[in-house]
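Let's take a friendly walk through a molecular structure, one part at a time. Keep the 3D view open as you read.

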Protein chains: 2
Amino acid sequence: MMPVMASDLHGTVESRLRAAGQRYTVQRRRLIDILARAGSPVALPDILRGRRGLAQSSVYRNLADLEQAGVVRRVMVEDEHGRYELTEDLTGHHHHLICSSCGRVQDLPMPVELERTMDRTLDGLARGAGFAEVSHRLDLIGLCSGCAARAAPTTA
Amino acid sequence: MMPVMASDLHGTVESRLRAAGQRYTVQRRRLIDILARAGSPVALPDILRGRRGLAQSSVYRNLADLEQAGVVRRVMVEDEHGRYELTEDLTGHHHHLICSSCGRVQDLPMPVELERTMDRTLDGLARGAGFAEVSHRLDLIGLCSGCAARAAPTTA
DNA sequence: CTGAGAATGAGAGCGAGTCTCAGTTTCAGA
DNA sequence: TCTGAAACTGAGACTCGCTCTCATTCTCAG
């Protein structure tokens with residue numbers, strides 16, 4: 001599955017929204033822009049910060065609508081806030097690298113070969129347990145360079 | 001890393017708590033029993049249900065203390081409730097099979113071989129991105145047999 | 001036994017996320 | 001270009017998972 005080209009992004013989003021009987025308004029377009037530009041899952045405060053004039057409730061509502069339309073996905077991290085990202089058919093399959101100390105999240109694409117091996121094996125396992133339509137979610141959790149440095153400063 | 005034997009479980013928990021200056025009280029022992037018996041991450045309502053006489057606040061506090069002592073881990077699912085399980089050094093490394101419809105979570109051990117391959121590759125990837133002390137979290141998300149049946153009843 | 005410190009229960013408090021509702025915008029049809 | 005029905009928006013009330021507070025109870029070393 002090829003990720004949608006950046007130039008097609010808005011068109012794709014719009015058609016999916018319309019299919020759900022919804023409009024692609026200015027605010028929703030802004031949200032998509034923010035998510036597309038971020039390149040990693042974004043928490044609500046990040047969206048509101050510096051974007052004075054967005055109502056919190058509207059942002060949540062719009063993110064929910066976009067999720068409903070299948071263009072946005074909500075990611076759970078052991079953080080206080082939920083985070084949002086574009087769905088994988090818009091951005092390509094990827095995983096997350098999460099800092100256990102500061103909570104920073106960044107995208108991490110994976111070698112196709114490992115991905116394929118994993119997929120095959122996992123699919124078999126899941127089927128064995130009676131599950132269908134299986135996808136997976138893989139997060140790497142560790143200390144980002146910044147936090148690691150702060151924890152053991154240069155060992156000098 | 002060998003999982004602690006069931007018979008040693010309480011002893012291990014007790015010594016870790018004491019090392020943290022805490023006591024292994026009756027209520028905490030009950031919690032550990034519940035988690036050990038469940039075999040999959042447990043949400044708070046499951047703990048309170050049928051266990052009349054446990055104060056919600058005490059349960060949360062104890063789970064936090066047990067997490068602090070390194071014997072319990074909090075698992076985030078896109079569910080409304082957080083879930084708790086024993087740490088992997090007590091139960092062995094495993095992953096989760098999550099039903100996207102009903103939210104049911106069950107443990108899923110993985111073939112050692114794939115696990116090893118993944119570990120090596122992921123460790124390299126994470127190091128390349130400047131991360132240290134990396135562990136991973138892998139969840140399979142799909143439709144459990146019950147929900148699948150309900151969605152497409154017997155195609156008769 | 002005793003008392004100092006840890007644990008507990010009840011309920012107030014906090015905050016992320018949702019709901020409500022009145023006012024605004026959009027757009028198909030005339 | 002109008003017009004009205006339906007979608008969207010902002011503000012704030014509200015919900016609810018979880019945490020904090022505090023007075024009481026339990027635990028255990030001495």
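The sections below go through the sheet, the contact between the chains, the cores and the surfaces near DNA.

## A sheet built from two chains

Please keep in mind that this is a predicted model. A good place to begin is the open sheet of 6 strands, which has the order E5(A)-E4(A)-E6(A)-E6(B)-E4(B)-E5(B) and mixed pairing. Strand E5 (105-108) of chain A and strand E5 (105-108) of chain B stand at the edges with a single partner strand each, so one side of each has no neighbour in the sheet. From one strand to the next, the twist averages 30°.

What does "mixed pairing" look like here? Strands of a sheet pair through backbone hydrogen bonds, and they can do so parallel or antiparallel. E6(A) and strand E6 (residues 132-143) of chain B run antiparallel and are joined by 9 bridges. To find this pairing on your screen, look for Ala132(A), which stands opposite Leu143(B) in E6(B). Strand E4 (residues 95-99) of chain B, by contrast, runs parallel to E6(B), with 4 bridges between them. Here you can look for His96(B), which stands opposite Asp139(B) in E6(B).

## Helices on the sheet

Which strands does H6(A) touch as it packs on the sheet? H6(A) touches E6 of chain A as well as E4, E5 and E6 of chain B, and its direction makes about 120° with that of E6(A). Now turn to helix H6 (residues 112-128) of chain B: it lies across strand E4 (95-99), E5 and E6 of chain A together with E6 of chain B. This helix runs at about 120° to E6(B).

## Where the chains meet

How many residues does each chain bring to the contact? Chain A gives 32 residues and chain B gives 32 residues. On the side of chain A that touches chain B, helix H6 (112-128), strand E6 (132-143) and helix H7 (145-151) of chain A each supply at least two residues. The largest share of that side, 12 residues, comes from E6(A). Sorted by class, the side of chain A that touches chain B has 20 nonpolar, 7 polar and 5 charged residues.

## Nonpolar cores

The largest nonpolar core has 18 residues, and Leu35(B), Leu63(B), Leu66(B), Val71(B), Val72(B) and Tyr84(B) have the most contacts inside it. Two or more of its residues come from each of these elements of chain B: helix H1 (6-19), helix H2 (26-38), helix H4 (56-68), strand E2 (72-75) and strand E3 (83-86). There is also a second, separate core of 17 residues, which includes Val42(A), Ile47(A), Ala69(A) and Val72(A).

Let's zoom in on Val71(B). Setting aside neighbours within four places in sequence, Val71(B) is in contact with Val13(B), Arg16(B), Leu66(B), Leu86(B), Thr87(B) and Leu90(B).

## Beside the DNA

Around DNA strand D there are 22 residues, of which Gln27(A), Ser57(A), Ser58(A), Ser57(B) and Gly82(B) come nearest. H4(B) gives the most to this surface, with 4 residues. By class, the surface near DNA strand D has 6 nonpolar, 12 polar and 4 charged residues.

DNA strand C has 23 residues around it, and the nearest are Ser57(A), Gly82(A), Gln27(B), Ser57(B) and Ser58(B). H4 of chain A, along with H2 and H4 of chain B, each supply at least two residues of the surface near DNA strand C. That surface divides into 5 nonpolar, 13 polar and 5 charged residues.

Key. Residues numbered from 1 in each chain as written. Chains lettered and ligands numbered in written order. Predicted model: local features only at pLDDT ≥ 70, side-chain atom pairs only at ≥ 80, totals over all residues. Core = buried A, V, L, I, M, F, W, Y, C linked by C-beta atoms within 7 Å. Buried ≥ 20, exposed ≤ 12 C-beta atoms within 10 Å, placed from the backbone. Contact = placed C-beta atoms within 7 Å. Nonpolar A, V, L, I, M, F, W, Y, C, P; charged D, E, K, R; others polar. Pairing = 2+ DSSP bridges. Near = placed C-beta within 6 Å. Axes fitted to C-alpha atoms, helices over the stretch in contact; angles between N-to-C directions.
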